[in-house]
There are 4 protein chains.
Amino acid sequence: MPKETFLNLAEAKRESFLEAAFHEFARNEYRAASVSRIVAKLGIAKGSVYQYFADKKDLYAYLLELAATRKQAWMVKKQGASSATPSFFARHRNLILASVDFDLRNPNYSLLMVNAMKESPGTEAGLVVSSIGHLTLDFLRALVQEGRSTGELRDDIDELLVAQLVNAASLSVGSYMEAKYGFSIVERLGKAEASLPFGDKDLEKAVDELVELLQHGIRKPGR
Amino acid sequence: MPKETFLNLAEAKRESFLEAAFHEFARNEYRAASVSRIVAKLGIAKGSVYQYFADKKDLYAYLLELAATRKQAWMVKKQGASSATPSFFARHRNLILASVDFDLRNPNYSLLMVNAMKESPGTEAGLVVSSIGHLTLDFLRALVQEGRSTGELRDDIDELLVAQLVNAASLSVGSYMEAKYGFSIVERLGKAEASLPFGDKDLEKAVDELVELLQHGIRKPGR
Amino acid sequence: MPKETFLNLAEAKRESFLEAAFHEFARNEYRAASVSRIVAKLGIAKGSVYQYFADKKDLYAYLLELAATRKQAWMVKKQGASSATPSFFARHRNLILASVDFDLRNPNYSLLMVNAMKESPGTEAGLVVSSIGHLTLDFLRALVQEGRSTGELRDDIDELLVAQLVNAASLSVGSYMEAKYGFSIVERLGKAEASLPFGDKDLEKAVDELVELLQHGIRKPGR
Amino acid sequence: MPKETFLNLAEAKRESFLEAAFHEFARNEYRAASVSRIVAKLGIAKGSVYQYFADKKDLYAYLLELAATRKQAWMVKKQGASSATPSFFARHRNLILASVDFDLRNPNYSLLMVNAMKESPGTEAGLVVSSIGHLTLDFLRALVQEGRSTGELRDDIDELLVAQLVNAASLSVGSYMEAKYGFSIVERLGKAEASLPFGDKDLEKAVDELVELLQHGIRKPGR
DNA sequence: TATGAATGAGTCTTCATTCAT
DNA sequence: GATGAATGAAGACTCATTCAT
């Protein structure tokens with residue numbers, strides 16, 4: 001929903017604007033985020049923002065949409081890599097992996113969305129977010145339905161509940177890695193591209209274990 | 001940390017003050033919450049707030065503490081009801097049940113804490129919160145350790161990951177009920193004591209199913 | 001101008017109140033001085049102040065009057081000591097000495113008055129002060145007149161100007177001692193009765209030199 | 001230290017802003033001076049002040065600097081007029097004259113500085129001022145040193161004390177003129193450019209007499 | 001198209017003063 | 001005579017938004 005003015009901007013300028021905006025909204029929730037700080041950082045006039053976007057909310061909505069779009073693109077690309085349609089669990093594993101990977105690599109985007117989720121529904125910002133909110137869940141729900149129809153997933157439990165659990169599980173990987181390797185995504189924001197304190201293999205292992213837990217449960221077998 | 005002045009207040013007045021304050025901080029995160037709105041709603045002088053509390057942060061901290069304390073008291077009471085120390089899963093079920101039950105019955109408290117968890121670390125409000133943050137997870141971790149030592153839980157997966165999953169699962173019940181019964185906890189805030197669109201039995205059923213999923217996994221058995 | 005209530009107070013209570021009040025007004029000019037801080041320090045109710053005095057201004061005026069009275073009493077006592085009526089210069093020397101001595105020994109009082117002198121005329125506080133303002137000058141003027149009539153002082157220069165100079169000279173001794181001995185009266189306030197970094201003899205010497213300068217001028221003789 | 005915004009302002013607007021600000025800070029010491037009053041008088045928005053200056057302190061510091069700079073420029077100009085380097089006393093006379101003249105003609109500036117000197121050290125405003133504080137005295141001290149080395153000034157008295165006396169003497173001219181001609185600098189502030197109740201000659205005469213007193217003392221000669 | 005000064009509602013906070021108990 | 005909760009005006013400051021240039 002940016003104005004034409006913004007889309008006509010030279011790409012370099014447009015991108016540097018977006019970068020500064022993401023920076024601001026990733027670190028501060030909607031109310032606390034400051035348009036003034038964005039323009040100060042960029043050294044442009046305050047009025048410009050309002051020639052690019054209708055208002056703060058409009059800018060915020062665009063950033064959210066952009067983050068979502070870019071993440072989706074990344075997911076599709078990663079998914080495409082895993083050619084044939086494997087089992088539900090294999091696909092789910094890859095989904096989680098791709099998602100967490102993206103978030104860890106793009107803290108500006110993921111923190112923006114985390115902040116977004118927090119926006120109290122009903123507030124200006126919350127309204128913008130709520131639509132995006134159910135997208136993921138709907139997608140997972142469809143995936144679960146498919147898993148059921150192929151007989152991979154148990155069908156004695158409400159499918160919605162399964163989807164919620166699967167969703168919650170995915171979201172917990174990030175905090176798990178933070179806790180396990182003792183770092184903070186938020187704090188990494190300030191630093192210039194500090195590398196993650198673990199390798200790809202470590203992340204894969206965590207995801208595999210999580211999928212294993214989801215598959216077979218946390219109860220010790222044989223009891 | 002309220003001042004004497006507040007504690008000396010007539011109970012009715014004190015409670016109505018707290019109610020208004022909870023109302024405000026449940027709907028708005030720290031920065032967005034407005035002291036002015038609280039006093040306007042109560043019809044008292046702005047100065048009064050500062051005779052009760054040192055400042056906005058002080059008030060916020062007190063509300064957090066109060067919500068935590070009251071929830072804890074509720075949990076203890078519910079736990080006490082389930083006499084002997086049963087299996088890990090039974091205890092976990094009861095925990096989730098009590099917790100979700102409290103949150104649904106006291107949206108003011110639970111939303112305050114949800115908002116609190118969101119406070120960006122490093123901000124004024126975030127500092128107040130951070131201490132409370134890891135309490136739940138630490139508690140669950142201890143519970144998981146115990147479950148392992150009694151042989152109920154599998155011990156081939158990182159205990160921290162198990163705790164994270166268990167935690168994430170608990171948190172998902174609320175949204176599950178919202179989605180399933182098509183209502184919104186936040187929106188119920190405004191209304192005077194609207195009853196929940198489901199009975200105790202429904203909630204218990206959901207929790208039981210969730211625990212079942214956690215125990216045995218989502219995979220269809222016999223495959 | 002305190003109310004009866006204050007005068008009826010037990011002496012100990014009355015004095016401790018005054019001490020706290022002096023403390024506050026010596027360190028802060030009228031506007032910045034805080035009634036709240038006084039009562040907080042004393043641990044009494046805020047309302048009490050308004051049963052002792054009509055308002056802040058009334059309290060302030062009383063403190064000023066008290067400080068002036070007490071200084072005057074001290075001056076009289078010191079003057080009385082120097083029995084017979086000596087020369088103008090001897091008397092002037094003793095006046096300065098007694099005055100500076102009092103100020104250095106009673107920073108609470110003298111700083112109150114210094115603060116008072118600063119109050120912009122026309123303001124609430126300024127009005128209270130202005131009357132006191134001319135007292136000293138009038139006194140000096142009379143002294144100068146006497147010195148002239150006895151033939152001690154030159155009478156070719158406007159008597160008012162002489163009085164002004166004499167007054168200005170007296171006032172400069174304090175800052176001179178501060179600069180020379182590298183200390184600050186204001187800062188001494190906080191410390192518990194720290195002794196002055198110079199002896200009585202040093203102060204007398206300074207005053208003697210000043211009087212000598214006033215008498216014979218700063219020009220090198222014989223030129 | 002004003003922001004660009006202020007410097008870019010149309011001169012008329014900038015000057016009227018400064019006038020209002022000087023007006024306010026000349027009549028009220030830092031704490032009592034009110035930004036709100038300034039904008040009310042100017043009929044501009046409160047926010048504007050904060051687009052011109054970082055905060056109240058910043059504005060205050062700028063006013064101080066401006067007053068000091070303008071006075072200094074005036075002094076230099078006046079000093080330049082008195083060609084060759086004459087005797088200490090001639091130079092001192094001219095200094096006093098220029099200084100008092102400036103102060104009487106620019107009460108807004110001089111009262112601001114008088115107010116500034118009063119700021120309690122240690123307070124926000126005091127810190128801003130303290131640096132400027134000793135400048136005059138240091139300057140006079142150097143002057144005195146020079147007078148001694150040329151043999152004009154007596155060297156049997158502490159040079160610092162002489163400087164203090166000289167300083168105190170200069171400062172007393174203003175009040176002398178006020179008392180003698182029965183007017184009040186402060187009260188002239190309100191009125192539009194009211195002329196002084198005495199001529200240049202009168203002022204010169206007063207200064208000359210003062211210098212004479214300083215030179216030869218107040219004692220009647222031949223006794 | 002870009003600018004950036006102007007706006008003014010809104011923020012938290014302080015404080016002297018009042019008055020019912 | 002003492003209390004201390006209530007008051008509300010006033011303070012400095014922030015910020016998204018507008019609009020003339």
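## Exercises on a protein interface and a DNA strand

Chain B and chain A together bury about 4,600 Å², and carbon and sulfur atoms make up 61% of that area. Keep in mind as you work that this is a predicted model.

**Exercise 1. Describe the contact between chain B and chain A by residues and by polar pairs.**

*Solution.* Start with the residues: 49 residues of chain B touch 49 residues of chain A. Next, turn to polar contacts, of which the rule finds 19 residue pairs across this interface, with both partners at pLDDT 80 or more. Now work out where chain B's side comes from. The elements of chain B that supply two or more residues to the side touching chain A are α6 (88-105), α7 (107-118), α10 (159-181) and α12 (200-216). Of these, α10(B) contributes the most, giving 13 residues. Finally, sort that side of chain B by class: 22 residues are nonpolar, 11 are polar and 16 are charged.

**Exercise 2. How many salt bridges link chain B and chain A? Then test the pair A:Glu212 and B:Arg154 against the cut-off.**

*Solution.* The count between the two chains is six salt bridges. For the pair, recall that a side-chain nitrogen of Lys or Arg must lie within 4 Å of a carboxyl oxygen of Asp or Glu. The closest N and O atoms of A:Glu212 and B:Arg154 are 2.8 Å apart, so the pair forms a salt bridge.

**Exercise 3. Which residues come nearest to DNA strand E, and which part of the strand do they meet?**

*Solution.* There are 34 residues around DNA strand E, and the nearest of them are B:Tyr50, D:Thr5, D:Lys13, D:Gln51 and D:Tyr52. On the DNA side, sugar and phosphate make up 61% of the strand's atoms that come within 4 Å of the protein.

Now look at phosphate oxygens of the strand one by one. The side chain of D:Lys13 places an N or O atom 2.3 Å from one. Backbone atoms take part too: a polar backbone atom of D:Ala45 is 3.0 Å from a phosphate oxygen, and a backbone N or O atom of C:Ser36 lies 3.4 Å from one.

**Exercise 4. Which elements build the surface near DNA strand E, and what is its make-up by class?**

*Solution.* Elements giving two or more residues are α4 (46-52) of chain A, α3 (35-42) and α4 (46-52) of chain B, α3 (35-42) and α4 (46-52) of chain C, and α4 (46-52) of chain D. The top contributor is α4(A), with five residues. By class, this surface holds 13 nonpolar, 13 polar and eight charged residues.

How values were computed. Residues are numbered from 1 along each chain as its sequence is written. Chains are lettered from A and ligands numbered from 1 in the order in which they are written. This is a predicted model: local features need pLDDT of at least 70, side-chain atom pairs count only at pLDDT 80 or more; totals for chains, interfaces and linings use all residues. Side-chain values use heavy atoms; hydrogens and water are left out. Contact means heavy atoms within 4.5 Å. Buried area is the accessible area (1.4 Å probe) that two parts lose on being put together, summed over both. A polar contact is a pair of N or O atoms within 3.5 Å; within protein, one must be able to donate a hydrogen and the other to accept it, and residues adjacent in sequence count only if both atoms are side-chain atoms. Helices (H or I, at least four residues) and strands (E, at least two) are DSSP runs, numbered from the N terminus. Ala, Val, Leu, Ile, Met, Phe, Trp, Tyr, Cys and Pro count as nonpolar, Asp, Glu, Lys and Arg as charged, and the others, Gly among them, as polar. A residue is near a molecule or strand if one of its heavy atoms lies within 4 Å of it.
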